[in-house]
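Biologist: I have a sequence and a model open. Show me how to read the inside of a protein.

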Amino acid sequence: MICAESVATICAPAKRAEVAAGRARMARELLADCRLCAHDCGVNRLAGETGLCHAGAEARFFSAQIEVSDELELIPSFAVALSGCDMRCDFCITGASSWNARAGAGFSAVEMAAQAQAALRAGAKTIMVLGGEPTIHLPAALELVAQLPATAKLIWKTNAHGAASARELLEGMFDVWLADFKFGNDECAQRLARTPDYVGVVQENLLWAEAHGELIVRHLLMPGHVDCCWRPVAHWLAENLPGVKVNLRSGFWPAWHAARHRELAGTVPAAESARAFELAQELGLNLSS
Ligand code: SF4
């Protein structure tokens, strides 16, 4: 068993920092044979090798600020965006930094925690760790948790493509998992994000997250992808995670390399958006905003 301190639910706040410090050390050891995400590269990041995410052993960040564009129950949130990602979504709204693990500035958990605490004093309700994808920087994320006040509400914003080894170390560390379910089939995931075997990995992570804390699932509607992506995602959520909060987002913008794909050249037509929301209502999904 990887974590002697493993807990079934969210750690008692006073204990969380202490457990996080120990798990951060374990996570750093895992970089010697990195399999933190489902790409399962097996490279030694401590020795300078890099896998598909191109991340080294030390995390960098490209944004740390109070944000108000996330779910209403989570904002205002002090959001820390770590550089680099294990997926390659051509439509990524922060592609330049999210694809580049060398973007931004070096990350210090102590300094970031000081900024986060200042944000809390200024009125932020939550602290959100995101990317890129934070799973690829699990040691740094846990080092940050180890520095944060016991009462802080912590959000893990993820692409839900992590491996079981990462999930074990995350258990009890974050109050809310804000997780993407982007594609309803493996072909779209491979073509638009160069990610194989996507659907099964995400479903496994979402089931785990719901069983271990609070989960909010996000799906970004993409033009031309209501039937191939949203429909299977919606049906799976209705059948397997009934009642889970779902944020169906219709604000697609053709950012980054979206122009590589003809159907992603524009925004979501109003009729498609309406059809997507009708489906959510028919299936009884618990839509949140
Ligand atoms: S985090 Fe994922 S993509 Fe990056 S090296 Fe580890 S297994 Fe590979």
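Modeller: Take one residue to begin with. Leu 206 touches Ala 160, Ala 179, Phe 181, Leu 215, Val 217, Trp 236 and Leu 241, leaving aside residues up to four places away in sequence. Keep in mind that this is a predicted model.

Biologist: What general idea should I bring to a nonpolar core?

Modeller: In soluble globular proteins, nonpolar side chains tend to be buried together. Now this case. The largest nonpolar core has 83 residues. Phe 107, Phe 183, Leu 206 and Trp 230 touch the most other members. Apart from that core lies another, of 9 residues, including Leu 74, Met 128, Ile 155 and Val 176.

Biologist: Next, the empty spaces. How many cavities of 30 Å³ or more does the structure hold?

Modeller: A cavity is a space where a probe fits but cannot get out. The structure holds 4 of 30 Å³ or more. The largest has a volume of about 100 Å³. It is lined by 13 residues, and Cys 34, Cys 37, Cys 41, Arg 45 and Cys 53 are the closest to its centre. By class, that lining has 8 nonpolar, 2 polar and 3 charged residues.

Biologist: And the second largest cavity?

Modeller: Its volume is about 60 Å³. Its lining also counts 13 residues, with Phe 174, Trp 177, Trp 208, His 212 and Gly 213 the closest to the centre.

Biologist: Where does the ligand sit?

Modeller: Look at the cavities again. The ligand sits in the largest cavity.

Biologist: Which residues come nearest to the ligand?

Modeller: Cys 34, Cys 37, Cys 41, Cys 53 and Ile 136, out of 14 residues around the ligand. Then read the shell by class. It has 8 nonpolar, 2 polar and 4 charged residues.

How values were computed:
Residues are numbered from 1 along each chain as its sequence is written. This is a predicted model: local features need pLDDT of at least 70, side-chain atom pairs count only at pLDDT 80 or more; totals for chains, interfaces and linings use all residues. Side-chain values use heavy atoms; hydrogens and water are left out. A nonpolar core is a set of buried Ala, Val, Leu, Ile, Met, Phe, Trp, Tyr and Cys residues joined through side-chain atoms within 4.5 Å. Buried means under 20% relative accessible area, exposed over 50%, partly exposed in between (1.4 Å probe, protein chains only). Contact means heavy atoms within 4.5 Å. A residue is near a molecule or strand if one of its heavy atoms lies within 4 Å of it. On a 1 Å grid over the protein atoms alone, a cavity is a set of points where a 1.4 Å probe fits but cannot get out, and a pocket is an open set with protein on both sides within 12 Å along at least five of seven lines; lining residues have an atom within 4 Å of a point. A molecule sits in a cavity or pocket if more than half of its atoms lie within 2 Å of its grid points. Ala, Val, Leu, Ile, Met, Phe, Trp, Tyr, Cys and Pro count as nonpolar, Asp, Glu, Lys and Arg as charged, and the others, Gly among them, as polar. Grid points are joined across faces, edges and corners, and a volume is the space filled by probe spheres set on the points.
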